[in-house]
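Here are a few exercises to work through with the model open beside you. Try each task before reading its solution.

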Amino acid sequence: MRILFIHQNFPGQFKHLAPALVRDGHEVVAISNRDGSPQSWHGVRILTYRHERPTAKDIHPWLADFEPKVIRGEAVFRLALQLKQSGFVPDVVVAHPGWGESMFVKQVWPDARLGVYSEFYYNTIGNDVGFDPEFPVDLTQAGCRIALKNLGNLVNFQIVDAGLAPTRWQASTFPLPFRERISVVHDGINTDAIRPNPAARLTLTGANGRELVLDKSAEVVTFVNRNLEPYRGYHVFVRTLPALLKRRPNLHVLIVGGDEVSYGDRPPAGKSWRDLFYSEVVGQLTAEERARVHFLGNVAYPNFIEMLQLSTVHVYLTYPFVLSWSLLEAMSAGCAIVASDTPPVAEVIEHGKTGMLTGFFDREALAERICALLDHPADRERLGSAARQFVAQEYDLQRVCLPRQKAWIAALAG
């Protein structure tokens with residue numbers, strides 16, 4: 001079978017599925033917009049598209065999100081025409097539609113079966129929009145703009161044969177009747193590679209310039225975002241630091257994440273969300289307490305896993321939005337977790353069984369739950385063990401998710 005993947009940052013969510021299909025003997029090609037993409041990756045032939053047309057400066061602001069999608073869709077359309085002229089006709093096209101790239105593929109290959117990664121559908125009620133009162137949204141006009149953010153999805157709905165969502169809640173954000181075409185299968189967690197490691201060690205550079213070596217004997221709270229921003233609760237977590245560090249004189253806090261913006265609004269010009277919120281609390285910390293807060297930036301993946309393996313308590317917060325891989329990776333590593341009681345977190349964290357849940361905005365409860373787990377090793381062991389067992393049973397890459405993804409591809413192909 002010939003299979004074409006389309007993803008702006010390929011492999012993205014298809015990093016396990018695409019190579020597995022190559023190993024099964026299929027011809028797999030990918031279209032990407034990532035700079036520096038190789039021509040071949042694990043047997044996948046990669047083509048890179050470029051779009052020269054800039055976005056219009058005077059476009060209606062409600063359409064500012066849609067025009068770039070059309071530009072990318074056109075660029076992929078033209079590359080697909082070249083691919084067709086070279087003799088490649090896919091049986092199946094699998095795309096992430098979030099950047100508009102798949103909108104016109106059936107103009108090139110009308111008989112190809114099209115499946116899309118159904119990550120999230122924007123709504124003005126009940127999801128991320130307006131969730132955080134600290135960042136109010138005037139839905140009088142913003143609601144119109146948000147509704148038009150789904151134009152790309154709506155164009156795809158007319159031509160898509162099936163969808164694939166990583167969680168039940170994310171699938172539920174999509175409207176009927178398209179929701180009925182969505183299968184729920186997570187991308188998968190390599191639980192064989194991400195597992196508890198009593199010998200985990202991490203070497204940091206302390207505030208005094210000396211090496212600081214942390215292992216399982218240390219008291220460590222970890223917090224991870226791709227970028228440190230309100231959507232992932234960074235502002236809530238950082239505001240707990242004064243209470244945590246005063247109550248726990250031996251605690252080290254490891255914060256992983258960049259200074260860009262993945263989701264939501266940008267901070268004021270010249271600021272980062274990281275510095276903006278940390279500046280609120282830094283004056284409440286002594287020099288010794290500040291030395292126990294470690295901003296690690298973006299870390300190499302092996303170091304990230306080792307950090308999870310030595311974590312005493314891991315904290316995960318999110319608006320009602322897409323679920324981060326990092327939460328399931330922390331569960332696979334056997335972390336004792338305190339997480340926000342928001343969807344889709346509650347699909348994987350059962351309070352008191354696979355972790356502890358707390359209200360997203362309740363900083364006092366968050367600090368209390370963290371300290372309670374720091375005080376009770378037996379509870380940490382119980383929760384971490386149950387979390388790992390749950391992920392291994394429901395989200396394991398090789399034994400659960402990858403077979404289901406392949407079955408979805410087979411069903412899509414008919």
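## Exercise 1: two helices meeting

Keep in mind that this is a predicted model. Leu373, Leu374 and Asp375 of H13 are in contact with Pro377, Asp379, Arg380 and Leu383 of H14.

**Task.** Work out how H13 and H14 are oriented to each other, and what classes of residue make up their contact.

**Solution.**
1. Start with the geometry: H13 covers residues 363-375 and H14 covers residues 377-394, and they pack at about 105° with axes 5 Å apart.
2. Angles of 65 to 115 degrees count as roughly perpendicular, so H13 and H14 are roughly perpendicular to each other.
3. Now sort the contact residues by class: 4 are nonpolar, 3 are charged and none is polar.

## Exercise 2: the second largest pocket

**Task.** Find which element gives the most residues to the lining of the second largest pocket.

**Solution.**
1. Locate the pocket, which has a volume of about 400 Å³. Of its 21 lining residues, Lys216, Ser311, Gly334, Arg380 and Glu381 lie nearest the centre.
2. List the elements that supply two or more lining residues: helix H11 (301-310) and H14.
3. Pick the top contributor: H14, with 6 residues.
4. For the chemistry, split the lining into 9 nonpolar, 7 polar and 5 charged residues.

Arg380 turns up twice, then: in the H13 contact and by the pocket centre.

## Exercise 3: the parallel sheet

**Task.** Take the open sheet of 6 strands; which strands are its edges, and which elements does H13 touch there?

**Solution.**
1. Write down the order, E13-E12-E11-E14-E15-E16, with parallel pairing.
2. Read off the ends: strand E13 (293-297) and strand E16 (356-358) each pair on one side only.
3. Check the twist: on average, neighbouring strands are turned by 20° against each other, ignoring direction.
4. Zoom in on one pair: E14 (residues 313-316) and E15 (residues 337-340) share 3 bridges, and His314 has Ile337 as its partner in E15.
5. Add the helices. H11 touches strand E11 (219-227), strand E12 (251-258), E13 and E14, at about 145° to E11. H13 touches E11, E12, E14, E15 and E16, and makes about 165° with E16.

## Exercise 4: the mixed sheet

**Task.** Which residue of E5 stands opposite Phe5?

**Solution.**
1. Get the order of this open sheet of 8 strands: E3-E4-E2-E1-E5-E6-E7-E8, with mixed pairing.
2. Follow E1 (residues 2-6), which runs parallel to E5 (residues 92-95) and is joined to E5 by 4 bridges.
3. Go across from Phe5 and you land on Val94.

Note on methods
Residues are numbered from 1 along each chain as its sequence is written. This is a predicted model: local features need pLDDT of at least 70, side-chain atom pairs count only at pLDDT 80 or more; totals for chains, interfaces and linings use all residues. Side-chain values use heavy atoms; hydrogens and water are left out. Axes are lines fitted to C-alpha atoms, for helices over the stretch in contact, and angles run from 0 to 180 degrees between N-to-C directions. Angles under 35 degrees count as roughly parallel, over 145 as roughly antiparallel, 65 to 115 as roughly perpendicular and the rest as oblique. Contact means heavy atoms within 4.5 Å. Ala, Val, Leu, Ile, Met, Phe, Trp, Tyr, Cys and Pro count as nonpolar, Asp, Glu, Lys and Arg as charged, and the others, Gly among them, as polar. On a 1 Å grid over the protein atoms alone, a cavity is a set of points where a 1.4 Å probe fits but cannot get out, and a pocket is an open set with protein on both sides within 12 Å along at least five of seven lines; lining residues have an atom within 4 Å of a point. Grid points are joined across faces, edges and corners, and a volume is the space filled by probe spheres set on the points. Two strands pair if DSSP finds at least two bridges between them.
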